[in-house]
Amino acid sequence: MSKTFNIAVFHGDGIGPEIMAPTLDLLRAFGHDFAFHDCPAGATSYLDCGSDLPRTSLDTARNADAILLSALGDPAVRYPDGTEMTPQIDIRIALDLYAGIRPVRVVPGMKTPLNIPEGRVIDFVLVRESTEGLFHTQGKGTVTEDYAEETLRLTRRTTTKVCDYTFRLAQDRKAAGHMGRVTSVDKANVFRAFAFWRDIFDEVAKEYPDLTADHAYVDAMALWFVLKPWDWDVMVTENMFGDILSDLGAGLMGGLGMAPSADIGDDHAVFQPCHGSAPDIAGQGIANPFAMILSAGMMLDWLGRRHDQPQMIEDASRVQTAVDACLAAGETTGDLGGTLDTRGAAAAVIARL
Ligand code: ATP
Ligand code: MG
């Protein structure tokens with residue numbers, strides 16, 4: 001008997017529900033045995049029931065095989081102390097999702113600011129450690145009249161896990177024809193904490209003799225993202241560096257609108273677009289669904305590998321191919337210069353599957 005895959009679905013705020021609905025239609029079109037479970041969270045949930053991450057939603061997420069998350073939050077709805085809600089970060093911490101996966105692929109039809117030379121292909125993955133680093137003290141740093149201080153914390157446990165995850169990812173990619181190269185992005189020349197990081201990276205690298213492992217300083221990497229982004233395969237870096245480099249990577253694709261992401265731990269994984277809830281265009285049905293759809297494709301790939309379901313892995317690559325084809329043909333929403341609405345763009349992808 002085939003397994004039912006329980007998927008926790010956070011429809012979210014603003015354009016969130018608008019891009020989630022056609023994404024679920026697309027997933028249903030494959031005929032896998034998915035059971036979708038709605039999880040209220042974010043600003044809408046806060047206004048409804050006083051919590052931006054109700055206990056029942058977190059429990060459903062914890063018990064699910066995978067978590068699909070649309071855009072959460074609304075700058076206009078805040079906690080009484082004025083801070084914005086970030087339930088996605090609470091989920092990341094609660095489920096120990098230490099590996100933030102940010103693929104950067106530039107394909108025809110994207111509004112990339114780069115002039116890409118003939119024959120060069122930009123297709124790399126940035127893995128951002130997502131639970132510690134400089135975000136370790138998040139909201140708990142020290143601020144006095146005279147100084148402010150935040151600490152960077154790296155643990156052997158999490159650094160080993162995130163490096164190991166990255167090498168396994170590079171192995172999977174190598175099997176699909178990529179370079180098989182893993183680059184540690186750090187600042188080991190200045191900070192002892194990053195020398196610690198690099199030593200652990202080197203230890204993990206020894207377990208993967210089939211792959212090439214090297215290092216780069218984060219400042220140099222920022223330069224190379226722009227000057228030779230075709231040189232990279234898979235990178236792994238600390239939380240804050242990853243935060244900054246992933247937006248730079250999204251910039252290469254013409255902005256956050258096309259960027260999918262995954263946050264992965266040992267037992268759980270969240271798949272969500274990089275963009276926010278776009279309150280300025282919410283309710284109009286014109287949001288670009290491609291980042292959400294590509295994130296759902298990443299979910300298929302992750303589930304397929306985890307549960308040994310080759311068809312799901314195959315379907316994941318079909319999603320990517322179909323989105324690429326729509327981009328190339330200009331079957332897109334207005335933000336990319338097309339004339340389709342959200343439903344129309346999603347239908348164009350489904351038609352090409
Ligand atoms: P957050 O703080 O939640 O990350 P943000 O401030 O980064 O949000 P977004 O909500 O991502 O902002 O929106 C930034 C701009 O990009 C807005 O003008 C928005 O309309 C546009 N945008 C974001 N996502 C999409 C999308 N899927 N389709 C079309 N436009 C989008
Ligand atoms: Mg933002």
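**Exercise 1. Find which residues Ala348 touches, leaving out those up to four places away in sequence, and decide whether Ala348 is buried or exposed.**

Solution. Start with the contacts in this predicted model. Beyond its sequence neighbours up to four places away, Ala348 touches Cys326, Glu331 and Leu340. Next, place the residue in its element: Ala348 belongs to helix H11, which runs over residues 342-352. Now count neighbours. The cut-off for a buried residue is 20 or more other C-beta atoms within 10 Å. Ala348 has 21 C-beta neighbours inside 10 Å, so it counts as buried. As a last step, try a C-alpha distance: Ala325 lies 23 residues from Ala348 in sequence, and the two are 9.4 Å apart in space.

**Exercise 2. Work out how the length of helix H9 compares with the expected value, and how far the helix is enclosed.**

Solution. Helix H9 covers residues 290-306, a run of 17 residues. Taking 1.5 Å a residue, the expected span is 24 Å, and the reach from the first C-alpha of H9 to its last is 24 Å, close to that expectation. Then look at burial: 14 of the 17 residues of H9 are buried, so the rest of the structure largely encloses this helix. Finally, step past its end. Asp308 follows H9 and has a positive phi, near 55°.

**Exercise 3. Describe the surroundings of ligand 1 by number and by class of residue.**

Solution. First the count: 14 residues surround ligand 1. The closest are His275, Gly276, Ala278, Ala287 and Asn288. Then sort the shell by class, which gives six nonpolar, six polar and two charged residues.

**Exercise 4. Check the radius of gyration of the chain against that of a compact globule, and describe the overall fold in numbers.**

Solution. A compact globule of 353 residues would have a radius of gyration near 20 Å; the chain has 20 Å, so the two agree. For the extents, the C-alpha trace spans about 55 × 50 × 45 Å along its principal axes. Buried residues account for 47% of the 353 residues. Turning to contacts with a separation of 6 or more, 73% of them join residues 24 or more positions apart. In secondary structure, the chain has 11 helices and 12 strands.

**Exercise 5. State which residues the UniProt domain annotation covers, and give the helix and strand content of that span.**

Solution. The unreviewed UniProt entry annotates residues 6-349 as "domain: Isopropylmalate dehydrogenase-like". Within residues 6-349, helix makes up 41% and strand 17%. To finish, compare the two ends of this span: their C-alpha atoms lie 24 Å apart.

Note on methods:
Residues are numbered from 1 along each chain as its sequence is written. Chains are lettered from A and ligands numbered from 1 in the order in which they are written. This is a predicted model: local features need pLDDT of at least 70, side-chain atom pairs count only at pLDDT 80 or more; totals for chains, interfaces and linings use all residues. A residue is near a molecule or strand if its C-beta atom, placed from the backbone, lies within 6 Å of it. Ala, Val, Leu, Ile, Met, Phe, Trp, Tyr, Cys and Pro count as nonpolar, Asp, Glu, Lys and Arg as charged, and the others, Gly among them, as polar. UniProt positions are given in the numbering used here, feature names are shortened, and annotations may be inferred rather than shown by experiment. Helices (H or I, at least four residues) and strands (E, at least two) are DSSP runs, numbered from the N terminus. The expected span of a helix is 1.5 Å times one less than its number of residues. A residue is buried if 20 or more other C-beta atoms lie within 10 Å of its own, exposed if 12 or fewer, and partly exposed in between; C-beta atoms are placed from the backbone. The radius of gyration is taken over C-alpha atoms; the globule rule is 2.2 Å times the number of residues to the power 0.38. Two residues are in contact if their C-beta atoms, placed from the backbone, lie within 7 Å.
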